[in-house]
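Trainee: I would like to go through this structure with you before I return to the bench. Could we begin with what a contact is taken to be?

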Amino acid sequence: MLIFQDDSIAVFNKPSGIDSEDLVYFQGLLEYNIKLFVVHRLDKRVQGIIVLAKNAGIASILSEDFKNAITQKTYMAVVGNTPNPENAILENWIEKNTKLQKAFIVPQQTNNAKLAKLEYQVSQKSIKYTLLEIKLLTGKFHQIRAQLSHINCPIVGDTKYGFKRSVPDGSIFLQASAI
């Protein structure tokens, strides 16, 4: 669903189950008759706000902003355990395994390891679940999923990273809530 647009960008609320590239094609070409460019991605199983550029020049500028963490992204996640402490900055070295399509926390000296940083804070708690607000300080593949799993707080529905069961629609309880 389109939530904002101007001459340079279009901002959508991407549902889970759709690839970022599919959103570009279906929303841009079919509904709005314009070519859109991906400047950052959301995992297929993640829902939320995604910004698309309307021309290659803007796409290049925005891609650099996302790559260099100039643009701040905030996520909300429902996890099965309350983290201790309830707010912190996580810094881990992360490595993407392309074959498994999964990220792993690894020692710093690992060859292809990249620094992954995020800040989280508990927003709300219930008996079974905790809602976290997460600010990405870097943007690495499956970063939030891997880092939360590493502190024993896997995201609800995320069986790839340690949650015990999936949800019926195959989504995970992670949403890109603000940019």
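Mentor: Contact here means that heavy atoms lie within 4.5 Å. Please also keep in mind that this is a predicted model.

Trainee: Understood. With that meaning, which residues is H40 in contact with, leaving aside its neighbours within four places in sequence?

Mentor: H40 is in contact with I49, I50, V51, F66, K73 and I179, once neighbours within four places in sequence are set aside.

Trainee: Where is the place of H40?

Mentor: H40 sits in the loop between β3 (37–38) and β4 (47–53).

Trainee: Is H40 buried or exposed?

Mentor: H40 counts as buried, because its relative accessibility is 5% and the cut-off for buried is under 20%.

Trainee: What does the side chain of H40 reach?

Mentor: The side chain of H40 reaches the backbone nitrogen of V51, at 2.9 Å. V51 is also among the residues in contact with H40.

Trainee: Let us step back to the whole chain. How many helices and strands does it have?

Mentor: The protein chain has three helices and ten strands. Along the sequence they follow the pattern β-β-α-β-β-α-β-β-β-β-β-α-β. The radius of gyration is 17 Å, close to the 16 Å that the globule rule gives for 179 residues, so the chain is as compact as a globular protein of that length.

Trainee: What box do the C-alpha atoms fill?

Mentor: Taken along the principal axes, the box is roughly 45 × 40 × 30 Å.

Trainee: And how many of the residues, as a percentage, count as buried?

Mentor: Of the 179 residues, 37% count as buried. The accessible surface comes to about 9,900 Å², and carbon and sulfur atoms account for 50% of it.

Trainee: What about contacts between residues far along the sequence?

Mentor: Among contacts between residues at least 6 apart in sequence, 60% join residues at least 24 apart.

Trainee: Is there an example of residues apart in sequence, say with L90, and what is the spacing?

Mentor: L90 and L118 are 28 residues apart in sequence, and their C-alpha atoms are 5.4 Å apart in space. L90 is found in strand β6 and counts as buried, at 10% relative accessibility. Leaving aside neighbours within four places in sequence, L90 is in contact with A116, K117, L118, Y120, Q147 and I151.

Trainee: Q147 interests me. Which residues of α3 are buried?

Mentor: They are Q143, I144, R145, A146, Q147 and L148. Helix α3 covers residues 143–150, and six of its eight residues are buried, so the helix is largely enclosed by the rest of the structure.

Trainee: Which elements do those buried residues pack against?

Mentor: The buried residues of α3 pack against β5 (73–79), β6 (87–97), β7 (102–106), β8 (114–125), β9 (130–136) and β10 (174–178).

Trainee: What is found just after α3?

Mentor: N152 comes just after α3 and takes a positive phi of about 65°. N152 lies in the loop between α3 and β10 and counts as exposed, at 53% relative accessibility.

Trainee: Why remark on a positive phi?

Mentor: Most residues other than glycine have a negative phi, and most peptide bonds are trans.

Trainee: Which residue in the loop between β6 and β7 should I look at for backbone geometry?

Mentor: Q101 lies in that loop. Q101 has a positive phi of about 50° although it is not a glycine, and it is partly exposed, with a relative accessible area of 34%.

Trainee: And where is there a cis peptide bond?

Mentor: A cis peptide bond joins N84 and P85, with omega about 10°. P85 is placed in the loop between β5 and β6.

Trainee: One more residue, F173. What does F173 touch?

Mentor: Not counting residues up to four places away in sequence, F173 touches M76, A77, V78, I155, V156 and V167. F173 lies in the loop between α3 and β10 and is partly exposed, with a relative accessible area of 37%. The C-alpha atoms of F173 and K35, 138 residues apart along the chain, are separated by 30 Å.

Trainee: Finally, how are the charges placed?

Mentor: The chain has 21 positive and 16 negative charges, and their mean positions are 7 Å apart.

How values were computed
Residues numbered from 1 in each chain as written. Predicted model: local features only at pLDDT ≥ 70, side-chain atom pairs only at ≥ 80, totals over all residues. Heavy atoms only, no water. Helix = DSSP H or I, 4+ residues; strand = E, 2+ residues; numbered from the N terminus. Rg over C-alpha atoms; globule rule 2.2 N^0.38 Å. Buried < 20%, exposed > 50% of the residue type's maximum accessible area, 1.4 Å probe, protein only. Areas by Shrake-Rupley, 256 points an atom, 1.4 Å probe, with all protein chains shown as cover. Lys, Arg positive; Asp, Glu negative; His and termini not counted. Charge placed at Lys NZ, Arg CZ, Asp CG, Glu CD. Polar contact = N/O pair within 3.5 Å; in protein donor to acceptor, adjacent residues only side chain to side chain.
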